[in-house]
Amino acid sequence: MRFRFSSVPLLSALALAAAGAAVLPATAQNGDPIAERQQVMKDVGRQSRTLNQMVKGEAPFDAAAAVAAFQAMNQDAQRFGTLFPEGSETGGNTEASPDIWTNRSEFQEHLDKFAADTAAAAAAAPQDVAALSEQFRVVGGNCRSCHEDFRVDN
Ligand code: HEC
């Protein structure tokens, strides 16, 4: 696996992600929202690993790649909340807690905070590992707090 990215393919990947998000309402209705939201979370996990490797010095620090990872997570954060329609509470090995459907406003607060923190981290554009570590710590806090409240273990 390579950790040095040029920003150009990353930007086109982001453009594709944005285009994907734009057609989402139709996809969410017609597709499989459980599989889609699990894919979105898998991407969040991937971006998180990229950042974690830089923080730990297991991959070289790359400011553009760090910003791109936070931006991708931000897209994921915005998309994730659209993938919990009525009728997708069970099946597909979902780990979504039933509380998502009964306490939508609190779930939305978690989503909004995750989106805000990833946007702020991207905007901060950390220029060294110390700055990246701080942004990653703030963004990473979202994983645990939402998983504790709204993800169940299968
Ligand atoms: C707003 C709530 C929320 C936030 C924030 C959140 N998650 Fe999740 N995550 C979920 C839910 C709900 C599921 C279960 C989805 C399902 O199975 O339907 C999940 C599932 C996952 C999965 C399993 C995906 C699969 O099915 O293989 C991974 C990996 C994951 N999250 C990583 C992360 C990481 C890393 C972060 C933080 C950077 C994060 N999540 C932040 C709610 C959240």
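What is the site of the iron atom of the ligand, given the angles among its six donor atoms? The site is octahedral, with angles of 85 to 179 degrees among those donors. For comparison, ideal angles for six octahedral donors are 90 or 180 degrees. Keep in mind throughout the tour that this is a predicted model.

**Stop 1: the iron atom**

Select the iron atom of the ligand, then show Met41 and His147. These residues are the protein donors, Met41 through SD and His147 through NE2, and they lie 2.0 to 2.3 Å from the iron atom. Now colour the chain by helix. Met41 belongs to helix α3, which covers residues 33-55, while His147 belongs to helix α7, residues 129-150. The two donors are 106 residues apart, so the pair links distant parts of the chain.

Are these donors buried or exposed? Met41 is partly exposed, at 27% relative accessibility. His147 is also partly exposed, with a value of 30%.

**Stop 2: the whole chain**

Zoom out and switch to a cartoon view. The protein has seven helices and zero strands, so every element met on the way from the N terminus is an α element. Of the 154 residues, 36% are buried. Turn on the surface: the protein exposes about 8500 Å², and carbon and sulfur atoms supply 55% of that area. Among contacts between residues at least 6 apart in sequence, 79% join residues at least 24 apart.

**Stop 3: the aromatic rings**

Hide the surface and select Phe80, Phe84, Trp101, Phe107 and Phe150. Ring pairs link these residues into a cluster. How many aromatic pairs does the count come to? It comes to five.

Start with Phe84 and Phe107. Their rings form an edge-to-face pair, 5.1 Å centre to centre, with 75 degrees between the planes. Phe84 sits in the loop between α4 (63-80) and α5 (99-102), and Phe107 in helix α6 (residues 104-124). This pair links distant parts of the chain, 23 residues apart. Phe84 counts as buried because its relative accessibility is 3%, under the 20% cut-off. Phe107 counts as buried at 1%.

Stay on Phe107 and add Phe150. This pair is edge-to-face as well, 5.2 Å centre to centre with 65 degrees between the planes. Phe107 lies in helix α6 and Phe150 in helix α7, so the pair ties together parts that are 43 residues apart in sequence. Both Phe107 and Phe150 are buried.

**Last view**

Show helix α7 with His147, a donor of the iron atom, and Phe150, a member of the ring cluster.

Conventions:
Residues are numbered from 1 along each chain as its sequence is written. This is a predicted model: local features need pLDDT of at least 70, side-chain atom pairs count only at pLDDT 80 or more; totals for chains, interfaces and linings use all residues. Side-chain values use heavy atoms; hydrogens and water are left out. Helices (H or I, at least four residues) and strands (E, at least two) are DSSP runs, numbered from the N terminus. Buried means under 20% relative accessible area, exposed over 50%, partly exposed in between (1.4 Å probe, protein chains only). Contact means heavy atoms within 4.5 Å. Accessible areas come from the Shrake-Rupley method with a 1.4 Å probe; for residues, only the protein chains shown count as cover. Donors are N, O and S atoms within 2.8 Å of the metal (3.2 Å for Na, K and Ca); water is not among the atoms, so sites may look incomplete. Four donors count as tetrahedral if all angles lie between 85 and 135 degrees; four count as square planar and six as octahedral if opposite donors are over 155 degrees apart and all others between 65 and 115; anything else is irregular. Rings of Phe, Tyr and Trp (its six-membered ring) pair if their centres lie within 6.5 Å; planes under 30 degrees apart count as stacked, over 60 as edge-to-face and the rest as tilted.
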